[in-house]
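Trainee: May we go through this model together? I would like to begin with the ligand and then turn to the backbone.

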Amino acid sequence: MPVRAYVGLGSNQGNPRLQIRDALSALKQIQQTELVGHSRLYRSKPMGLVDQPDFVNAVAALDTCLDAHAMLLELQAIELVQGRIRGSLRWGPRTLDLDLLLYGDKRIDTEQLTVPHPGLSQRSFVLYPLYEIAPGLRLNNGELLADLIKSHSSTDLELLGSV
Ligand code: ROI
């Protein structure tokens, strides 16, 4: 039986909207996996280092027969392909982040992978797009996404529209 997984997409370099669009096309190509939905695009203020461009973020839903670590490898392969400035010979700064947010209701804690993603419940740029595509979602700690989102303002988020 396939598992429903959620992936967070983020980019702030090299035409971020295009990066996200290309990444969604790449997610469609993952073996034994179906892209079943994705949110619209959101512009978000950078978390962490403030002195960098705003991000474009989105969340995708995938039904997959891959295990979580195999899925992680697929996501890292897509990041590698897109993680450079197009046309430049040298590897540039990372232009795409793909985070495995949730993998069914599994809790995973290995050296490579922590699921649910540790930043999930603090990041409005993850919570809002996730809520858009999975409004009834309950996290594996029993918490409803709809309740979690109430305590997160969306003031640092701007809806950009469809992909
Ligand atoms: N900030 C925002 N707004 N969106 C991101 O995707 C994002 N990703 C990151 C850091 C640098 C933590 N900040 C971010 O990796």
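Trainee: Which residue has a side-chain N or O atom 2.8 Å from an oxygen atom of the ligand?

Mentor: That residue is N57. Please keep in mind that this is a predicted model.

Trainee: How much of the ligand's accessible area does the protein cover?

Mentor: On its own the ligand has 350 Å² of accessible area, and the protein covers 80% of that.

Trainee: What lies close to the nitrogen atoms of the ligand?

Mentor: An N or O atom in the side chain of S44 is 2.7 Å from a nitrogen atom of the ligand. For K45 the backbone is involved: one of its N or O atoms lies 2.8 Å from a ligand nitrogen.

Trainee: Which residues surround the ligand?

Mentor: The ligand is surrounded by G10, S44, K45, P46, M47, Q52, F55, N57, D97 and F125. By class, this shell holds four nonpolar, four polar and two charged residues.

Trainee: Where does the ligand sit?

Mentor: The ligand occupies the largest pocket, whose volume is about 250 Å³.

Trainee: Which lining residues are closest to the centre of that pocket?

Mentor: They are F55, N57, D97, R123 and F125, out of 17 residues that line the largest pocket.

Trainee: And how is the lining divided by class?

Mentor: The lining of the largest pocket has nine nonpolar residues, together with four polar and four charged ones.

Trainee: Which elements supply at least two residues each to this lining?

Mentor: The strands β1 (3-11), β4 (55-64) and β5 (97-103) do, and so does the helix α3 (124-133). The most comes from β4, which gives four residues.

Trainee: Changing topic to the backbone: is the peptide bond from V115 to P116 cis or trans?

Mentor: The V115 to P116 bond is cis, and its omega is near -5°. P116 belongs to the loop between β7 (114-115) and α3, and α3 is also one of the elements that contribute to the pocket lining.

Trainee: Which residue has a positive phi although it is not a glycine?

Mentor: That is N15, with a phi of about 60°.

Trainee: Where is N15 located?

Mentor: N15 is in the loop that runs between β1 and α1 (16-28). β1 is another of the elements that supply lining residues to the largest pocket.

Notes:
Residues numbered from 1 in each chain as written. Predicted model: local features only at pLDDT ≥ 70, side-chain atom pairs only at ≥ 80, totals over all residues. Heavy atoms only, no water. Near = heavy atom within 4 Å. Polar contact = N/O pair within 3.5 Å; in protein donor to acceptor, adjacent residues only side chain to side chain. Areas by Shrake-Rupley, 256 points an atom, 1.4 Å probe, with all protein chains shown as cover. 1 Å grid on protein atoms, 1.4 Å probe; cavity = no way out; pocket = protein on both sides within 12 Å on 5 of 7 lines; lining within 4 Å. Sits in = over half its atoms within 2 Å of the grid points. Nonpolar A, V, L, I, M, F, W, Y, C, P; charged D, E, K, R; others polar. Points joined across faces, edges and corners; volume = space filled by probe spheres on them.
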